Amino acid sequence: MDFTEHDAPNQLVHILEERGFAVVAMAAPGPPDAILSSLAAALRLGDPYVPALYRYAETKGYSASYADIRSDTKDHHPGFSTTAGQAWHVDGLLDDIGDIKTTILYCVSAAHRGGDTLLFNSLAAFAELREKDPAAAEALLSPRALNRRSTISAIDLNATGPVFSVDEEGDLITRYTDNETCTWNFAAGPPGGLQRALAFFRSASDNPRYRLAIRLTAGEALIFRNDRLAHGRQSYEDKPNARRHLVRALYANVPTMPN
Ligand SMILES: [Fe+2]
């Protein structure tokens, strides 16, 4: 949809509540920070959120409200600055489940080849697992189930918590991640449950019923619920005149309608 369309913010709020993500074409090109800030204002997201991992002296370099995601051989961030693919994760490695509710990726320019953003409806997969194997689903709710450790070499930090949880409103939220930051505690929950849950999720995240690839073009923004979906990225290839450049902003709020 088009951001200049009449009623665009209300439509976006509705789509995000229904599906958990939306792609929107922003109006005129301009500075990415200003575009993100106008989009966040329209959706009443408040100020960008700086993840707990980036509040340390060693990681301060990554603490910008609007983070550039592009290939940079001088930088060593394991996710932001490489052309490699990224496995399923939620943003906010150290943050509590549900703390970072919204992620926006604004595309300044697309890669020469590849670089699709991948979305996995992990909440829908959880609902299916709960029907088929309640003990496995229960293991994912254990507060000891999943540890995530930072892979930024300058600092050693980690956080343990559940993979799924129910928030104050009774809604299911997730931090389902399956990448190099994860250590699974297979002793958590009913015996064998977490092992079966992980096998189920690895297969579900490959199933077109639950996953989607989105290729952003210049001027488009992908907005998604970081507390309801996992995301990842395809590897990509840049050319001098086609270099992938996204700008990311995170928010602790959910998009809501103006009164
Ligand atoms: Fe991410």
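This report describes the largest pocket and one helix pair in a predicted model.

## Basis of the model

Residues are numbered from 1 along each chain as its sequence is written. In this predicted model, local features need pLDDT of at least 70, and side-chain atom pairs count only at pLDDT 80 or more.

## The largest pocket

The largest pocket (an open set of points on a 1 Å grid where a 1.4 Å probe fits, with protein on both sides within 12 Å along at least five of seven lines) holds about 520 Å³ of space. Its lining (residues with an atom within 4 Å of a point) consists of 34 residues, and His 77, Gly 79, Gln 86, His 89 and Asp 91 are the closest to its centre. Strands (DSSP runs of E, at least two residues) that give two or more residues to this lining are β3 (86-89), β14 (230-233) and β16 (245-251).

## Helices α3 and α5

The axes of helix α3 (residues 122-132) and helix α5 (residues 193-204) come within 10 Å and cross at roughly 130°. α3 is therefore oblique to α5 (neither under 35, over 145, nor 65 to 115 degrees).

The contact (heavy atoms within 4.5 Å) includes Phe 126 and Leu 129 of α3 and Phe 200 and Phe 201 of α5.

How values were computed
Side-chain values use heavy atoms; hydrogens and water are left out. Grid points are joined across faces, edges and corners, and a volume is the space filled by probe spheres set on the points. Helices (H or I, at least four residues) and strands (E, at least two) are DSSP runs, numbered from the N terminus. Axes are lines fitted to C-alpha atoms, for helices over the stretch in contact, and angles run from 0 to 180 degrees between N-to-C directions.
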